[in-house]
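Work through the exercises below with the sequence and the model open. Each one gives a task and then a solution in steps.

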Amino acid sequence: MAKVNLNVNGSPVSVTVDSLDTPLLWALRDSLGLTGTKYGCGRELCGACAVLINGQKQLSCDVDVGEVAGSEIWTIEGLAADLASPNPKFPSYAEVRKAWIDNQVPQCGFCQSGMIIAAVSLLEGGKSGSAAAAAMDHLCVCGTYPRINKALRSIA
Amino acid sequence: MTSTSERNMIGTAGSEPLLVNRRTLLGAAASALVIPFVVISNPRRARAGGATQLDAYLQIDAENRATVFVGSCEMGQGTMTGLAQIVAEELQLDWSTIRVEHGVPVSGSANAYRNPKLNMHITGGSTAIWGWYAGLRDAAAIARGKLVAAGSAATGATLTVAGNGYLTDGARTYPYSDFVADAASLPASAPTWAASRNYIGKSRQRVDIPSKTDGSAIFGMDVRVPNMLYAAIIHCPTNGGKVQSAPSSASGAVAVVNLGDSVGVVAGSTYAAMSAARSLESSGRITWKLPTDLTRVDTAAINAKALSLSKSTTAKVFKEEEVGAPDSSYAASSRRLDLTYTTPNLAHACMEVLNCTADVRADSCELWVPTQAAEWCLGTAMAITGLAADRITVNTTFLGGGFGRKIEQDYVSQAVTLSKTVGRPVKLMWSREQDFRNDRYRPASAMRVRLGADASGAIKSFIFRNVSTSINVQRGSTPGNNPEDTGAVAGAANLPYAMQTRRVEFVHNDSDLPLGYWRSVGESYNTFAVESAIDEMAKLLGKDPMAYRKQLLAGDARAVAVLDALSTLSKWNARLPSGTARGMAFLKGFFSYAAAAVELKLVSGRVSLSKVYCAVDCGVAINPDSIRAQIEGGILHGMSAALWHEVTFTKGKAAVSNFDRYKMAKMADVPVISVQIVESGAEPGGIGELGVPCVAPAIANAHAKLATRRRNLPFYPGLGLGEIEDDEGGDDD
């Protein structure tokens, strides 16, 4: 067993994992109960496990928890924690969430945490809504792409 | 701390009780970051919490908030919302505070969550709205009658429905919550459906969507219960193999359990369980008893047999439908086609892998499971635990996709056995690799179509044979004489086309790759063959495919209306740029009608869809926007399957184990999709599967105009395996 100090959703937290090469995905889900980040493929093929690390989108199934001690990690729960006063680090989340609801994007919803993380990452990186739509490369078996496209294009 | 059950209620946009709780949970204090154990709320507990259960479907709490309990599961189709709209219409509920939960099954006919038209508490066959519409309206109208009667008795006035969950005497209003306790004990009177249209027919925002934009929606995979262990699963690498011997322990595992056809590895975390399972699997310490005849789990061998059976005159034939003398009529037809089409095994590939959490104790059992068959889970748990039904609680979570896979009991049975064996709650989660290699695959089919027509195009004879492995025979039925084989000919039997004679046959191709129900089942392959053949006949006759279908469907007004709508929507008769072709297909199925057209071009010889149009008549459209969403998704699912999907086995070994070899449409592949709903006012039909079947034949029909006629799916077999077939040198006969 190993102990790692992380910074998750703006708070320092200590997690106990089996080993330092445990993927961050499982530390988030099992150790911290942050289940909004999903296991989809385990091989960086689908995007369901996307989180933001130091502001960049990364697929947490392929990030060793030992490598991100000291990094700033944000999950969907952190972005959504306080809708009344949006997280100043990721102001685009509120827009994305509204666009997702206005356009009734999710179906089963399983991939949508990852989709939203990807969208926020692209918008925060300076892309326009339509450029972000074109750059979305995650998997959605339900086929919500037309609505993701529409939702992102509704954002300036 | 707020109650865990409240957190998991599904609130609508705007009300968001769960978000209030989330703020508490994710507050500034570092310790609050750790979310406590999560339990799906269940009506047995909720009932004790101050709210009153009026009947199985409706609960009103002290603040006059309604919770609707539904018998069909939410896996993305919008079922929770659609069913709640039906209840809300009859009772004029306050939509801003409505909550929806999955009903918890009880044993036998007392289970109020059995779909009234299926008489089972399952979700499949696009039956949620079709099956529940009348029964749920009746139940909600009865509930309204009881509330009005109780309110009138209590106030001494004649109350009527005021809207938003209130009754009125004309002067003042009373919340339902004032009378719900009295109402619950009143007898039912004959229901009269409300004439209003405030919910039915309106694109209400889905009740589950807010929770699917903030990480709070609880899928099966997300369930956490106190004292829980985690499990991974190992099946034989050769499909159909059984455990010969397995060790009882492994490094990193709390327990290793021999489950007969698989081995469960239990550990302290998901990652520990998956890692221990991987090491154990590669260590060779599990020995397997392989199937004695590996040709029965070999795609090439199974498909060769299917082609042979498609031509056989001695095969045992199950006749689903026979009208007139199709053989002599075929021989006498001046225009004849004899065509064979094939479709592959498909995996369901739900985004959420199979998983189930079970807590088996000496005198109780509780499950949290993403399932399409809560009632069958109850039976599974009873059989394994030996407990009475009233000691077992089956909580249905959100499903991260289902598509027919999550009606099965394999993963449920494994989780229950594991918890029973280790004496603690266990969350079993399959790896993606196990999920792909141990699916209940769509049957692979060979379909022979003989079509005879006269010079006017009138169909003199239609002789259809589906050769596939019967799902039901694999589950114990006898081949050739059980009515459930109708699933294998759905999409070919009872066609609405005018045909003077017809025969629809099924031939069972005995094999052992485990099969199941894949979104749109029989229509997913038979519609490909039928709608391709109709186009091939149109070409032989020199007729336009749209006009030809209208000719053959002239006796079915709903079909003609859908074709007319598609014609207009797709500008069917307008010129297309050179290099682009249109193709179309039609389906009457799932108690609904659909017609789709695609605009296709070839880019470097490969299919590229620019536009897809679809007109649907699903009767009363409860939630038009949800219907459009289902059709959009169905079209993309059908497109991915037609172009890229197949799972093949070589002597039992699967070629696909993850998404790298099972290409799904991504954003860049997505055409512009236009959906039009044709309102016929008929009883509501299905929509969940309706969008899928027309896509493959529409693509093939368009492709035939630009290049070759493709009769074998997928278009690009082996994609992702590095063996990309040259399109022009493909499988055309």
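## The interface of chain B and chain A

Between chain B and chain A an area of about 5200 Å² is buried, and carbon and sulfur atoms give 60% of it. The model is predicted.

**Exercise 1.** Describe the side of chain B that touches chain A, by contacts, elements and residue classes.

*Solution.*
1. Start with the contacts: 66 residues of chain B are in contact with 61 residues of chain A.
2. Count the polar contacts: there are 24 residue pairs between chain B and chain A, both residues at pLDDT 80 or more.
3. List the elements that give two or more residues to this side of chain B: α2 (17–25), α7 (270–283), β18 (426–429), α12 (432–437) and α18 (624–644) of chain B.
4. Find the element that gives the most: this is α18(B), with eight residues.
5. Sort the residues of this side by class: 34 are nonpolar, 13 polar and 19 charged.

**Exercise 2.** Find salt bridges across the interface of chain B and chain A, and explain why the pair A:Arg43 and B:Asp660 joins two chains.

*Solution.*
1. Side chains of opposite charge can pair when their charged atoms come close.
2. The rule finds six salt bridges across this interface. A salt bridge requires the nitrogen and the carboxyl oxygen to be within 4 Å.
3. One of them pairs A:Arg43 with B:Asp660, whose closest N and O atoms are 2.8 Å apart.
4. A:Arg43 lies in the loop between α1 (24–31) and β3 (50–53) of chain A, and B:Asp660 in the loop between β26 (653–654) and β27 (672–677) of chain B, so the pair joins two chains.
5. Check accessibility: A:Arg43 is partly exposed at 40%, and B:Asp660 is partly exposed at 31%.
6. A:Arg147 forms a salt bridge with B:Glu632, with the closest N and O atoms 2.8 Å apart.

**Exercise 3.** Are the partners B:Lys406 and B:Glu352 buried or exposed? Treat B:Arg503 and B:Glu505 in the same way.

*Solution.*
1. In the salt bridge of B:Lys406 with B:Glu352, the closest N and O atoms are 3.1 Å apart.
2. This pair links distant parts of the chain, 54 residues apart. B:Lys406 is in the loop between β17 (392–396) and α11 (410–422) of chain B, and B:Glu352 in the loop between β14 (335–343) and β15 (355–360) of chain B.
3. Buried means under 20% relative accessible area. B:Lys406 has 0% and is buried; B:Glu352 has 0% and is buried.
4. B:Arg503 and B:Glu505 form a salt bridge with the closest N and O atoms 2.7 Å apart.
5. B:Arg503, at 6%, counts as buried, and B:Glu505, at 4%, counts as buried.
6. A network of salt bridges links B:Arg503 and B:Glu505 with B:Lys319, B:Glu322, B:Asp327 and B:Arg465.

Methods: Residues are numbered from 1 along each chain as its sequence is written. Chains are lettered from A and ligands numbered from 1 in the order in which they are written. This is a predicted model: local features need pLDDT of at least 70, side-chain atom pairs count only at pLDDT 80 or more; totals for chains, interfaces and linings use all residues. Side-chain values use heavy atoms; hydrogens and water are left out. A salt bridge is a side-chain nitrogen of Lys or Arg within 4 Å of a carboxyl oxygen of Asp or Glu. Helices (H or I, at least four residues) and strands (E, at least two) are DSSP runs, numbered from the N terminus. Buried means under 20% relative accessible area, exposed over 50%, partly exposed in between (1.4 Å probe, protein chains only). Contact means heavy atoms within 4.5 Å. Buried area is the accessible area (1.4 Å probe) that two parts lose on being put together, summed over both. A polar contact is a pair of N or O atoms within 3.5 Å; within protein, one must be able to donate a hydrogen and the other to accept it, and residues adjacent in sequence count only if both atoms are side-chain atoms. Ala, Val, Leu, Ile, Met, Phe, Trp, Tyr, Cys and Pro count as nonpolar, Asp, Glu, Lys and Arg as charged, and the others, Gly among them, as polar.
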